[in-house]
Amino acid sequence: MAWIVKPSATTTIPRRDKPYLTDKMKKHYRAEIIPRYERPQGALMPILHDVQHDHGHIPYQAMVEIAQLLEIHPADVLDTVSFYEEYTTEPVGKYVVGVCQSIACEVCGHQTILDHLRRKLEIEPHETTKDGRFTLLAMECLGACEGAPCALVNGDRHDNLTIESLDALLDALPD
Amino acid sequence: MPVTEPVLCHRIPTPPWGDPADRHLVTYDEYVKSGGYQALKMALDMKPAEIVDAVKESQLRGRGGAGFPCGLKWTFLPEPDGGRRYLAVNCDEAEPGTFKDRLLCDFDPHLVLEGIAITCHACRLDTAYFFIRGEYHHQAETVQRAIDEAYEAGIFGNKKGILGKGDLSIECYLHRGAGAYICGEETGLLEAVEGKRGWPRVKPPFPAVSGLFGRPTIVNNVETLAAVTPIVLNGAEWFTKMGCDSSIGGPPSYGPKLMGVSGHVNKPGVYEVDLGIPLRKLVDDFAGGMRGGKAYKGAIAGGVSMGILGPDQFDAEMDFDIGRKYDVMGLGTACPTIFDEDTDMVAVARNIARFFKNESCGQCTPCREGAQWIYKLLCRIESGEATSKDLDLLLEIAGSMGIMPGTTICGLADGNNWAVRTIVNKYRSEFESRVKPYFVPVTMGAG
Ligand SMILES: Cc1cc2nc3c(=O)[nH]c(=O)nc-3n(C[C@H](O)[C@H](O)[C@H](O)COP(=O)(O)O)c2cc1C
Ligand code: SF4
Ligand code: FES
């Protein structure tokens with residue numbers, strides 16, 4: 001739900017001494033990514049993807065650093081972060097399991113898959129297990145309806161899921 | 001003349017011509033060896049206006065959902081003024097039921113890149129952004145690799161011109177989305193490329209005049225651009241021999257079309273067929289018939305936004321007339337999801353309503369609030385708690401949302417409107433059997 005607003009300006013943001021954007025990253029962005037766009041803010045989504053990937057979320061301090069790099073307001077960064085589902089302000093689990101719940105998957109049995117995961121991981125969709133290993137998501141159409149029901153596990157898609165194939169898949173994930 | 005050999009699936013084994021098990025990523029070398037980039041070379045020998053004319057003559061209509069004539073859109077561009085001009089490639093493909101563009105990205109990305117280069121040459125565009133949805137991780141990698149190959153081959157980033165010819169040097173960048181359906185809407189997409197939230201813009205101005213960073217921009221779907229390549233190679237007339245004319249005096253539906261069939265069929269998948277193929281033929285001859293020999297009950301026409309083809313509309317022709325003939329919004333992405341006799345249509349409507357509730361960008365009140373109401377009402381109907389009055393309320397709210405009623409900025413709300421209304425109208429008895437009668441309370445006053 002893209003339009004739900006995240007914590008307001010009264011939030012104090014956790015800080016650490018080590019910057020999230022290293023000099024090497026900044027150099028790369030200045031040389032390779034920012035020039036691709038007529039305005040620096042164009043580079044925001046590619047940079048956010050990197051931070052989300054490296055840290056499992058987008059810390060507020062990183063947003064401030066990105067804003068400085070792109071010479072925009074931190075609020076502009078938060079605005080974009082809060083809109084897109086793939087960016088999170090809280091850490092996600094080591095493995096993000098996103099089950100498709102859209103129409104082709106629902107009529108081909110996605111509920112069995114989702115219910116099994118809820119029992120197995122003991123969490124509801126959009127929660128993370130206490131050990132930080134799994135985040136469960138109910139996602140909208142993954143563009144793989146011919147393989148319904150399907151799910152993404154850290155970006156890799158798995159089609160025609162059954163309880164057995166899902167168990168085999170999750171149990172084989174490295175620690 | 002129907003599609004007698006694969007056009008867009010020329011290098012992607014697809015039934016009846018090939019076995020999907022043989023599919024593999026076509027690299028630059030293999031693409032060139034099998035005739036790739038010939039069309040680009042021909043295009044570079046043509047005047048840009050000649051290419052635009054050829055695409056106009058082919059009457060190619062946009063494959064992204066709206067079916068807008070591609071050549072005509074290109075003519076909306078102003079004359080070059082020395083400033084930047086953009087192409088935005090729409091590979092958001094987040095419409096539930098749709099998975100056709102993914103096939104091209106997975107296996108033959110150079111077909112799309114060739115179309116991009118030709119389009120940039122024809123329309124004098126210097127930068128292309130290949131916008132791909134965030135969930136397409138693997139596809140983003142294959143497309144990026146293909147873009148790198150095209151840079152090495154001197155197609156992109158060549159200061160001496162495309163393949164060393166002409167005066168135009170084009171850049172092509174991949175831009176990944178991050179999980180928002182609304183970025184498929186062309187101006188939502190532009191906002192995302194600018195690094196902002198994907199809020200669709202009020203139109204006019206249209207992107208061709210003022211798009212990315214306020215500059216002239218053409219937005220085209222991946223499959224539309226892929227179709228430009230064979231049109232240049234074989235000519236416009238060749239293209240018009242595939243597909244069909246309009247049976248109701250409208251503009252024709254020419255060319256081959258990728259149709260992705262999903263749901264209760266034996267062989268779900270993407271097939272390349274003539275526009276105008278009856279849905280029943282698509283299901284029986286291509287998708288292996290109904291799963292388990294069950295009877296057909298209904299089908300999403302082409303992505304959930306288009307609404308539903310009812311029980312008596314299995315023979316609907318899949319062309320751009322479909323909206324006017326069968327009471328759906330349109331052909332959409334031409335990717336039907338098929339339902340068998342056991343499907344609960346109330347659940348289908350509820351599923352689709354949840355999708356629109358989740359994906360409304362929230363700018364327009366009728367869409368944002370309406371989507372919530374519709375979802376809640378459908379949940380209530382599904383659980384048996386609703387009265388017949390709720391059904392009327394549902395139709396009233398749905399009917400009031402969208403660009404067509406004139407209450408919203410973009411077409412997402414129209415999709416919600418059509419999906420809900422067509423399902424309720426075409427399966428009315430199923431909904432009525434789930435609601436309790438509504439009695440108007442009457443109090444008898446004494447005097
Ligand atoms: C809510 C909404 C979602 C859309 N999603 C897509 C999409 O995922 N892919 C796409 O190509 N077009 C999508 N469109 C259509 C685009 O706005 C636009 O018409 C299309 O990209 C133009 O390309 P074409 O003329 O080549 O079809 C969407 C439109 C709306 C209103
Ligand atoms: S119609 Fe809905 S999705 Fe489109 S701009 Fe308005 S609120 Fe956003
Ligand atoms: S509906 Fe699940 S992938 Fe499309």
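## A guided look at chains A and B

In chain B, the C-alpha centres of domain 1 and domain 2 lie 26 Å apart. Please keep in mind as you explore that this is a predicted model. Chain B is assigned domain 1 (20-241), domain 2 (244-340) and domain 3 (345-432), and 23 residues surround ligand 1. Chain B also touches chain A, with 48 residues from chain B and 34 residues from chain A taking part in the contact.

**Where domain 1 meets domain 2**

- On the domain 1 side of chain B, 18 residues are in contact with 21 residues of domain 2 of chain B.
- Three helices of chain B each give two or more residues to that side of domain 1: helix H5 (100-107), helix H9 (222-234) and helix H10 (236-240).
- Sorted by class, the side of domain 1 that touches domain 2 of chain B holds seven nonpolar, seven polar and four charged residues.

**An enclosed strand, E4 of chain B**

- Strand E4 of chain B covers residues 217-221, and five of its five residues are buried, so the strand is largely enclosed by the rest of the structure.
- It helps to know that side chains in a regular strand alternate between the two faces of the sheet.
- In E4(B) both faces are covered: one side has the buried residues Thr217(B), Val219(B) and Asn221(B), and the other has the buried residues Ile218(B) and Asn220(B).
- Strand E1 (residues 86-91) of chain B runs parallel to E4(B), and five bridges join the two.
- One place to spot this pairing is Tyr86(B), whose bridge partner in E4(B) is Thr217(B).

**Tyr129 of chain B and its surroundings**

- Look for Tyr129(B) in strand E2 (residues 127-132) of chain B.
- Tyr129(B) has 25 other C-beta atoms within 10 Å, and because 20 or more are enough to call a residue buried, Tyr129(B) counts as buried.
- Setting aside neighbours within four places in sequence, Tyr129(B) is in contact with Tyr86(B), Ala88(B), Val89(B), Tyr173(B), His175(B) and Val193(B).
- For a sense of scale, Val283(B) is 154 residues from Tyr129(B) along the chain, and their C-alpha atoms are separated by 35 Å.

**A five-stranded sheet in chain B**

- Five strands of chain B form an open sheet with mixed pairing, in the order E8-E7-E13-E10-E11.
- At the edges sit strand E8 (269-274) and strand E11 (308-309) of chain B, and each of these pairs on one side only.
- Within this sheet, strand E7 (residues 256-263) and strand E13 (residues 337-340) of chain B run parallel and are joined by two bridges.
- To find where these strands meet, look at Gly263(B), which stands opposite Ile338(B) in E13(B).

**Around ligand 1**

- The closest of the residues surrounding ligand 1 are Gly62(B), Gly64(B), Gly184(B), Thr224(B) and Gly411(B).
- Which element gives the largest share of the shell around ligand 1? The enclosed strand described above, E4(B), does so, with three residues.
- Domain 1 (20-241) and domain 3 (345-432) of chain B each give at least three residues to the shell around ligand 1.
- By class, that shell is made up of eight nonpolar, nine polar and six charged residues.

**Where chain B meets chain A**

- On the chain B side of this contact, at least two residues come from each of strand E3 (171-176), helix H8 (186-193), E7, E13 and helix H13 (345-359).
- H13(B) gives the most to the side of chain B that touches chain A, with six residues.
- That side of chain B divides into 19 nonpolar, 18 polar and 11 charged residues.

**Backbone details to look for**

- The loop between H8 and E4 of chain B holds Pro204(B), and the peptide bond from Lys203(B) to Pro204(B) is cis, with omega near -5°.
- Pro205(B) is also in the loop between H8 and E4 of chain B, and Pro204(B) and Pro205(B) are joined by a cis peptide bond with omega about 5°.
- Asn154(A) is not a glycine, although its phi is positive, at about 45°.
- Asn154(A) belongs to the loop between strand E4 (151-153) and strand E5 (156-158) of chain A.
- Ala334(B) has a positive phi too, of about 60°, although Ala334(B) is not a glycine.
- Ala334(B) is in the loop between helix H12 (322-326) and E13 of chain B.
- Are these two residues buried or partly exposed? Asn154(A) has 15 C-beta neighbours inside 10 Å and so counts as partly exposed, whereas Ala334(B) has 30 and so counts as buried.

Key:
Residues are numbered from 1 along each chain as its sequence is written. Chains are lettered from A and ligands numbered from 1 in the order in which they are written. This is a predicted model: local features need pLDDT of at least 70, side-chain atom pairs count only at pLDDT 80 or more; totals for chains, interfaces and linings use all residues. Two strands pair if DSSP finds at least two bridges between them. Helices (H or I, at least four residues) and strands (E, at least two) are DSSP runs, numbered from the N terminus. Domain bounds come from an automatic or database domain assignment. Two residues are in contact if their C-beta atoms, placed from the backbone, lie within 7 Å. Ala, Val, Leu, Ile, Met, Phe, Trp, Tyr, Cys and Pro count as nonpolar, Asp, Glu, Lys and Arg as charged, and the others, Gly among them, as polar. A residue is buried if 20 or more other C-beta atoms lie within 10 Å of its own, exposed if 12 or fewer, and partly exposed in between; C-beta atoms are placed from the backbone. A residue is near a molecule or strand if its C-beta atom, placed from the backbone, lies within 6 Å of it.
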